[in-house]
Amino acid sequence: MVEAVPLLDVRDLTVEFSTRRGVVRAVERVDVSIAKGETVGIVGESGSGKSVTSYAVMRILDRAGKIVEGAVHFTGLDLSAASEDEMRDLRGREISMIFQNPRAALNPIRKVGRQIEDVLKQHAQVDSAALADKAVEMLDQVRIARPRERYHSYPFELSGGMCQRVVIALALACRPQLLIADEPTTGLDVTTQKAVMDLIVELTRQRGMSTILITHDLGLAATYCDRLVVMEKGRVVETASSREIFIAPAHPYTRKLMRATPRPGASLRDLLPEDNPAAARMADLEVATNGKAGMPLLVVDKLVKEYPRKGRGLGSFFQRKPTPEPDTFRAVDGISFAVNRGESVGLVGESGCGKSTTSTMIMRLIEMTEGVITFDGEDIGAISPQRFARLPLRKRIQMVFQDPTDSLNPRFTAVRAIADPILRLGDAMERKAVRARCEALARQVGLPVDLLDRFPHQLSGGQKARVGIARAIALNPDLIVLDEPTAALDVSVQAVVLNLLQELKQSLGMSYLFVSHDLNVVRLLCDRVIVMRAGRIVEQGPTEHVLVSPQAQYTRDLIAAIPHPRFGR
Amino acid sequence: MTNLALPREDGAPSSGLGAALRHARYILRDNAVTGFAFALFVLIVLAALFGPYLVPYDPLASDTAAALKPPSLAHWFGTDQLGRDVFSRVIVATRLDFLIAVTSVALVFFMGGLAGVAAGFFGGWTDRIVGRVADTVMAFPLFVLAMGIVAALGNTVQNIILATAIVNFPLYARVARAEANVRREAGFVQAARLSGNGEVRILLGQILPNIMPIMVVQMSLTMGYAILNAAGLSFIGLGVRPPTAEWGIMVAEGAAFMVSGEWWIAFFPGAALMIAVFCFNLLGDGLRDIVDPQRRT
Amino acid sequence: MLRMICKRMLIAVPSLIGVVIITFLLTRALPGDPAAYFAGPAATKEAIEQIRTKLGLDQPLYRQFVRYVSDLARGDLGNSLTTGQPVGYEIRTRLPASAELTLLGLLLSMLIAVPLGILAATRPNSLIDHACRVIATAGVSLPVFFTGLILVYVFYYLLGWAPPPLGRLDVFFSPPPHITGFYLVDSMIAGDGELFLASLKQLILPALTLGIFSLAPIARMTRASMLAVLASDFVRTARASGLAPFTVVITYAFRNAMLPVVTTLGMVFSFLLGANVLVEKVFAWPGIGSFAVEALIASDFAPLQGFVLTMAVMYVALNLMIDILYGAIDPRVRIEA
């Protein structure tokens, strides 16, 4: 077979950054090649250099970054040596890029239609008279309803998914040959993610474009890409077709990533690398203490949370919506469920479904509007948050937060953070005793004791997550609410933390309410699952039932939207 | 923009004074200007403390025979219309102006800083009241308000300090409020509530330590405004009374002579003013860099 | 938009009420006896008492306040004891003098500060960036009256380029027919080129002083704001789309960066109103600032109250304009309100 000249050929690419700590090699001797019409995924965890590679190709590196070795050839032209004017001509016209966080990627004070026109005008694609029409046409192609009206919209008036469509329209307006998509769906709901990825694939296939998809999600990459390039710490460790990587990964790192990715059919233990001692421990535990479903610990009955809507009255004159809306907004609209002792219950839903509001009410951090929350027989819903903070009950319900960085006081060392609940809610103890307890907790969560005197900015994401967990279990609570505790972590770190959470739950006899949008993670950790949407419970039941044979259409849609590569044998 | 995960540095001393000093020294080396500002600051403090004991002439002694002499070896900065040595007066004035600056800033920090932090953290009525007070003060052109306060209460140093503090209140409160507001719903604040911390304890023990660095930066900048304020009031005639040596009033006394060519009477005190304020501003900027490199201006 | 304007004006009302009350109290707290001042040094005690009664100064404080407020409602600001003129008239004639000076100064500073800030942000660590940072820090440190004096010394005394700092016009000229009160504008309308130049010559130094004073905060804010915006995601998108540098910097970055700068302008204006008082003293400018200082020294209530009230109202109007300008630039403010 004749070897066609690749559309994009990256050879030996090495990029260095000059930082305060000296020169750092972000990317080293990277080879990536993309043929015409191909979709290639670059996969890696944080720090792998996958984004830096694409920035180097587009030559939009930070001022501190430089290509020190290697070359990037695009249809024969050497991009690494091209002048800025030549690059500007290529950007948007031949090679386009879309980024994470779509709303921030658009100019907030400029109409979206005009932003598309700017690109068209820059690359002289269309006569000025036809600019607006072409922009509307692009909006239509990315499946935005009522494109002529939406032309006049500002980004803040559009949802996240719609903003990403506009960004795609911007990128494809001048019919480039190559599209680079840098984590385009991170932060979007799973159903939106599917819609956006399907759109990208459809449009690029239609136009015979090549695509580079950069992501940390191996499942996503395997589903939508022909070939995968796996990167670790600035180097390429493996390049193969998606099928090969998925079914028989060669490199140990790829194997580790594959194992760590939550997927149907895998148990928690399977996520860990084969040689991990924790895996062996897990096996013993599972047999010994298998969730004794006892009395209900937490009972929620017809819980409601209402928020007043902002600014009515004169404002409605200027509203663009023809129909008036009610004065209050129901974030949680009468839900009822229970968590039994020793159980792990998952609360899933997309953004805006009310799961976080529910968990915050259960935590007694905000007031509820109506309903009853019973904990171990006591009605805690009626107690105000300020009062609850002073009751002994406070220490029995604790929380692990989503963002490990945000949930640690930047001015407290790790040990001070962990000691906080002990000092405030625990029995009076001497300094040494408190310190000893913190060290014991650190050991329990697998945090090296010598890290206890560090500040959060000196710890890695996984280490910070462990500090948060140690703090939550410090007073042996009965119930822990976990709000997307691993969402901000790399997949390999996530695997270890999930196993840790399971181990702790069983050894300390706790119950979990696990709030998440990631059904695969919930499947691994939870005995029962509750699906929420628009403030209501759509479906609830044992995990295997709900996720294998869902009753509700919405649940079915959610499951279908999860990327699953189909490699038939 | 690009996500660089730098390798964990193991073995580095992680906390405490040692690390802070190392970091500070690193920044100062990186930024010679801040080091210079700091040295100048030390010089000003020394002049304020020891100046009056070291000056060659009595700042209040007049010698009409030697009036209006230009700078010479005998009188480094020349003499003014009453024959007083300008150099001595400028050095002695350092103490008064510095005192005014430090005291007003301390006052404004307590009044404005605490009020602003409480307003930003608690919201509700606290926020509304503090906001109203700040708005009312800001409805006046600030210098004019200072003029009015001093005129009404009398030209004393205490009143100048009070007026300066009142006039700087809104700005300080606004900065404090914004910082507290941002952190109000942060994860670690929620976690503190879960750990049984009451609201006031959270405010003082968790939030305040986090915003102190920014407050210190603001204090340094406010010291500059305070001195300019006091000097401006004296220039109008509403500040300290003659024959007190204060930079502003010295410029006022020398202003008339500028037009006729005896520039030194107003120039040196004015230059001293400028250098002092410049020093505080540079220091504030440098502190800001040490505290939060993302906010470099 | 209309709703925002109404809401803003409503919010301003309590502040204005506060201003009125505080001004009243402050002026009454002033030392000195206006009745004695008015009667003159040779007056007898009975004469002074008569005048005191006539002026209503013997009434209890709250009665004086009521009288003051009712006069205010009728638009009567009282009379100045020192000049004998109605306060309203004085303010009307003196305000344009200050306004002309302030506006010219602000214009000068913006013409330099904004481009300087933009250039400094787009060329980090270059010569112009360092120059901008030094100017910004030094400018904020200069006492405004000192700047004025130095300018007078250099340009009048040493170089002889500028006229003596004796007010708006040289004695040989008479002011143009009053239309706006701005000599530059009025002389242009009257077609009198010589007068225009004479007014300009007198204006240059004080306007330059105010310009230097306001240059620093505007340059500093522009630079900081531009730096922040240039690092934002949407500028990255613009660059990745291959847009020309001018489009990226001006159409995309600058318009967004202007928002905090516009807000800063309000603060700068407040400082300028204060600085005005000092500059008018240095240059013997017959503006509203020097009017206030004279009244303050004579403990003359009515002009002081009138002055402060005028300043406060102007400031509210200014903030309103800034909000409107902000709304014109930023659709989020317009639509989400």
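In the predicted model, chain A contains an open sheet of four strands, arranged in the order β2-β1-β4-β5 with antiparallel pairing. The edges of this sheet are occupied by β2 (22-34) and β5 (77-78) of chain A; each has a single partner strand, so one side of each is left without a neighbour in the sheet. In general, the strands of a sheet pair through backbone hydrogen bonds, in either a parallel or an antiparallel sense.

Strand β1 of chain A spans residues 8-19 and is joined to β2(A) by nine bridges, the two strands running antiparallel. The pair β1(A) and β2(A) forms a hairpin, with two residues between the strands. Individual positions show how the two strands are aligned. A:Leu13 stands opposite A:Val30 of β2(A), and A:Ser18 has A:Val23 in β2(A) as its bridge partner. β1(A) also pairs with β4(A), again in the antiparallel sense, over eight bridges. One of the positions in this second pairing is A:Thr14, whose bridge partner in β4(A) is A:Glu69. As a general point, side chains in a regular strand alternate between the two faces of the sheet.

A helix is placed against this part of chain A. Helix α1, residues 50-58 of chain A, lies across β1, β2 and β4 (65-74) of chain A. The direction of α1(A) is at about 75° to β2(A).

The sheet belongs to a chain whose secondary structure comprises 22 helices and 20 strands. For the 569 residues of chain A, a compact globule would be expected to have a radius of gyration near 25 Å; the value for chain A is 26 Å, which agrees with that expectation. Along the principal axes, the C-alpha atoms of chain A fill a box of roughly 70 × 60 × 50 Å. Buried residues account for 47% of the 569 residues in chain A. When contacts in chain A between residues at least 6 apart in sequence are considered, 69% join residues at least 24 apart.

Chain B has ten helices and zero strands. Its pattern, read along the sequence, is α-α-α-α-α-α-α-α-α-α. Of the 297 residues of chain B, 52% are classed as buried. Among contacts in chain B between residues at least 6 apart in sequence, those joining residues at least 24 apart make up 69%.

Chains A and B are in contact, with 37 residues contributed by chain A and 24 residues by chain B. On the side of chain B that touches chain A, α7 (187-194) and α8 (199-236) of chain B each supply at least two residues. The largest share of that side, seven residues, comes from α7(B). By residue class, the side of chain B that touches chain A divides into ten nonpolar, twelve polar and two charged residues.

Confidence was examined for chain C and for the complex. Chain C has an average pLDDT of 83, and 96% of its residues score at least 70. Within chain C, confidence is lowest in helix α2 (residues 34-39), where the mean is 67. The highest confidence in chain C is found in helix α10 (residues 233-240), at 93. For the complex, the predictor gives an ipTM of 0.82 and a pTM of 0.83.

Terms used:
Residues are numbered from 1 along each chain as its sequence is written. Chains are lettered from A and ligands numbered from 1 in the order in which they are written. This is a predicted model: local features need pLDDT of at least 70, side-chain atom pairs count only at pLDDT 80 or more; totals for chains, interfaces and linings use all residues. Two residues are in contact if their C-beta atoms, placed from the backbone, lie within 7 Å. Ala, Val, Leu, Ile, Met, Phe, Trp, Tyr, Cys and Pro count as nonpolar, Asp, Glu, Lys and Arg as charged, and the others, Gly among them, as polar. Two strands pair if DSSP finds at least two bridges between them. Axes are lines fitted to C-alpha atoms, for helices over the stretch in contact, and angles run from 0 to 180 degrees between N-to-C directions. The radius of gyration is taken over C-alpha atoms; the globule rule is 2.2 Å times the number of residues to the power 0.38. A residue is buried if 20 or more other C-beta atoms lie within 10 Å of its own, exposed if 12 or fewer, and partly exposed in between; C-beta atoms are placed from the backbone. pLDDT is the predictor's confidence in each residue, from 0 to 100.
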